[in-house]
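Reader: Please take a close look at a single part of this model, one sheet and whatever packs against it, and describe it in one connected account.

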Amino acid sequence: MKLLEAWRNSRLPYKEVVFRSIAEERGRMWWGGFGKGQLGEDSQNDYELTKKALRIAKWDKSLVSIFCVIAAIVPFTAQFFGSPMIGLTSAISLSLAVTFGFIALYAIQTLSSFVSAESCVLLSTLPINQKDFSLVTLFSFVRSVDYIVIGSILSQLIMVIYYTWSPVAVLIMFVACIVNTVLAVAVSLWFSRIFTKNLSSGGRSKKATVLRLFFILMWGSLLMGVSLLISLPYYIVPSLELTLLGSESITYLLFGLFHPFSAGITVANISSPVVADSIVLIGAASLIVYVIVALFAGKWMIKTVKQISTGTDIKIARVTAKNFSIKPRSPLLGYVIKDLKVSSRNPATAFFFALPVLETVIVSFVTVNFEMMRASTLLVSSFMGGIFVLLMPLALLSAEGTGLEFTKTLPLNINKLVISKTLISTLTYVPIPIVLLIMALMKPLTSPTALLIPFFIILSIASASIFEIQLFLSSVTKGKLAALIHDLKKLIIGIAILLLPLVAYSVLYLVSFSHIFAVFIMGCISVLEIVIAFALLKHNKH
Amino acid sequence: MHTGNKHTLTKQGLFSLSIPLIEVFELTKQFGTLHALKGVNFKVMPGEIYGLLGPNGAGKTTTIRAIIGLIEPSSGCAMIEGVDSAKNPVYVKSKIGYVAEKPTLYESLSARDFLEYVSSIRKLDQTSVNRIITKLGQVFEMANFFDAPIATLSTGMKQKVALIASLVHQPSVLLLDEPLSGLDAKTSRIVKDLLSLHAKKGGAILFCTHIMEVAENICTRIGIIYGGKIVAEGTLDQLKNGSKSETLEEVFLKLTNEENEIADKSRLLGEAFFKDETA
């Protein structure tokens with residue numbers, strides 16, 4: 001089979017991978033249409049829904065690519081935004097780090113389906129020889145990240161051309177970009193494979209659970225790292241460059257040993273040397289080592305993809321159960337435990353459980369530098385933490401997947417479902433007020449009353465979660481299934497509910513200059529929100 | 001509105017009710033322009049295994065979903081123990097055990113986790129549920145699969161998990177949509193025995209299938225659904241005598257007007273595969 005033909009044929013298994021990742025991980029699609037597939041009119045919708053899911057995936061990939069290109073360019077533009085220096089070494093390193101994170105995070109979304117799904121089953125039944133079959137599978141794998149990789153590499157090369165005008169620098173940058181991409185995809189494939197293997201092996205091992213938690217945190221950290229790099233390039237680029245220039249040569253040398261700094265040092269110093277040749281040599285030598293590592297990683301990926309295509313990659317080990325005993329709980333607790341288990345075992349939703357840790361780090365990061373704990377700091381921190389939590393109800397709904405069809409046949413009042421997801425979402429916010437309280441105890445406060453702000457926000461988070469879930473449920477029953485996919489309106493309502501008491505506090509304080517009065521009214525609004533939310537639940541018939 | 005009848009397990013372990021456990025009355029369901037059900041009527045009394053037979057798309061699954069309360073009928077009603085499914089679905093769901101044609105379970109959970117979830121929602125007592133699960137686990141030879149994620153199980157094993165989940169609360173009514181699909185011969189036999197036992201205890205079973213042999217072997221009464229209507233109903237003998245047929249398959253094909261269609265399609269097949277010879 002010719003390469004072009006293999007590339008063309010790879011579209012089918014790729015579409016299957018994309019569709020499965022959307023269908024399995026974004027369970028809100030299953031709330032109505034898919035689950036009622038046997039009912040006639042809905043089975044007609046399935047086709048439309050499939051087409052829509054694939055269209056959305058394409059948009060998704062294009063948008064992420066555009067965002068990735070922007071994130072790759074931004075570190076090079078620090079100078080245009082008031083930074084005293086360009087800091088080419090830092091810009092290149094940071095740009096590579098950001099694209100590494102982007103590619104890894106995006107690839108994880110689709111690769112978990114690639115690893116676990118029988119996306120190539122249809123092809124395997126056709127008369128294609130094993131070599132061609134593996135090639136098609138490999139290409140379908142490459143398709144997962146094609147736009148992002150091409151976009152980011154091109155933008156990085158253009159930036160290096162613009163700043164260096166050195167063919168050698170551009171060539172080395174190209175090699176570094178390829179190494180960066182291969183390593184990012186290899187990390188995602190490894191992660192997805194381990195996660196799937198961990199889940200497939202079954203058993204009740206504590207080790208497997210701990211390992212899963214570790215992965216969740218690792219993934220969360222990767223996400224946080226990328227977010228920090230994207231949001232703070234103008235702060236990071238100059239300070240990183242100053243650190244590098246001001247450091248002892250031994251420190252610089254150490255930086256040179258690590259990817260992507262090895263690439264940054266080598267490429268930047270080829271055109272205009274600012275450090276000793278020995279350091280550049282160390283950077284270049286490290287880069288060569290990374291090229292070799294990438295070669296091995298590439299070979300491992302090809303081997304793994306081939307194994308996936310032949311279904312020999314993940315061996316399932318059966319553990320014989322010692323007994324058949326189970327421990328029933330109350331319906332609500334049973335539902336909460338089920339929700340926790342289901343969503344923590346899905347690579348695409350599991351990282352939401354790293355949110356409390358991430359929020360804690362972000363809030364600490366924001367507040368630690370302030371000498372005094374002001375009400376404005378508490379407002380901003382509460383909002384920043386809360387905004388992440390609002391994604392949680394949707395993630396929990398998504399994680400339901402097709403299993404929801406079964407739940408519908410159980411004698412479960414819909415309110416238990418809403419409350420379960422609200423409880424989990426709200427609990428992930430709880431670390432924020434605690435961290436803020438600890439921080440406040442260590443610093444002088446403008447007003448002790450203001451410390452109640454993040455605690456009142458707990459109520460708003462709960463209300464916002466209830467509203468979000470209710471909106472999703474009601475949309476389905478009205479048959480507006482298509483509108484559910486990627487519908488941001490529900491999130492906006494959640495944000496509005498979260499913002500309302502915070503805005504009320506700010507306005508009232510500016511009018512009255514009384515923290516006590518502003519906090520009191522804010523608290524009343526939060527309580528009112530939760531009362532309305534629970535009143536809404538009473539309208540659920542079943 | 002009914003709030004539920006006094007019922008279920010007596011001291012002898014028998015279900016004691018004289019009213020129909022399942023009653024479907026003038027049930028219609030319309031999806032846009034499609035009339036999926038056009039006034040379906042039938043009753044299933046305690047101790048009966050009622051086979052609902054019909055070709056694909058005849059309305060079997062829609063009927064079952066209306067009985068459970070998963071869809072609201074356009075008109076008419078479906079009742080379990082005299083309680084309208086559309087009006088009180090939570091109560092109805094607490095009384096039934098349901099196995100779907102393609103069980104959609106939580107694939108990332110193990111069978112143990114899944115049954116724990118089901119038992120929690122059904123508010124079951126730990127001792128009694130463990131007794132049932134242990135027995136059913138042994139019967140269905142689940143030991144090697146009990147802690148494995150459902151996603152890694154074969155279709156047959158998933159079907160077994162769904163069957164256990166439908167029985168943990170000892171329901172008076174079982175609604176089974178092609179429950180034998182994917183099961184091996186031994187397990188199919190066990191399931192048939194299990195259904196007979198359930199009926200002997202006084203429970204009612206609605207058994208949807210399009211496999212005639214299965215219906216012939218285990219159903220005490222059969223309803224044939226075609227185009228959203230029950231076109232014939234009765235015991236096996238009544239149906240055979242009524243349509244002057246030797247087998248249930250003949251009855252079925254006659255009633256569903258599929259005999260002529262089959263002849264036409266056989267001719268087309270002959271043309272497709274033996275074109276040269278026929279020419």
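Author: Helices (H or I, at least four residues) and strands (E, at least two) are DSSP runs, numbered from the N terminus. The model is predicted, so local features need pLDDT of at least 70 and side-chain atom pairs count only at pLDDT 80 or more, while totals for chains, interfaces and linings use all residues. Residues are numbered from 1 along each chain as its sequence is written, and chains are lettered from A and ligands numbered from 1 in the order in which they are written.

In chain B, six strands form an open sheet with mixed pairing (a pair needs at least two DSSP bridges), in the order β6-β7-β8-β3-β9-β10. β6 (96-99) and β10 of chain B are the edge strands, each with a single partner, so one side of each has no neighbour in the sheet. On average, neighbouring strands are turned by 15° against each other, direction ignored.

Within this sheet, β3 (residues 49-53) and β8 (residues 204-209) of chain B run parallel and are joined by five bridges, with B:G51 opposite B:F207 of β8(B). β9 (residues 221-226) and β10 (residues 229-234) of chain B, by contrast, run antiparallel, also through five bridges, and here B:G223 stands opposite B:E233 of β10(B). Two residues lie between the strands of this β9(B)-β10(B) hairpin, in which B:G227 takes a positive phi near 60°.

As for the helices, α1 (residues 60-68) of chain B packs on the sheet, touching β3, β6, β7 (173-177), β8 and β9 of chain B (C-beta atoms, placed from the backbone, within 7 Å). The direction of α1(B) makes about 150° with that of β7(B), where axes are lines fitted to C-alpha atoms, for helices over the stretch in contact, and angles run from 0 to 180 degrees between N-to-C directions. Helix α9 (residues 248-255) of chain B lies across β3, β9 and β10 of chain B, running at about 30° to β9(B).

How values were computed:
Two residues are in contact if their C-beta atoms, placed from the backbone, lie within 7 Å.
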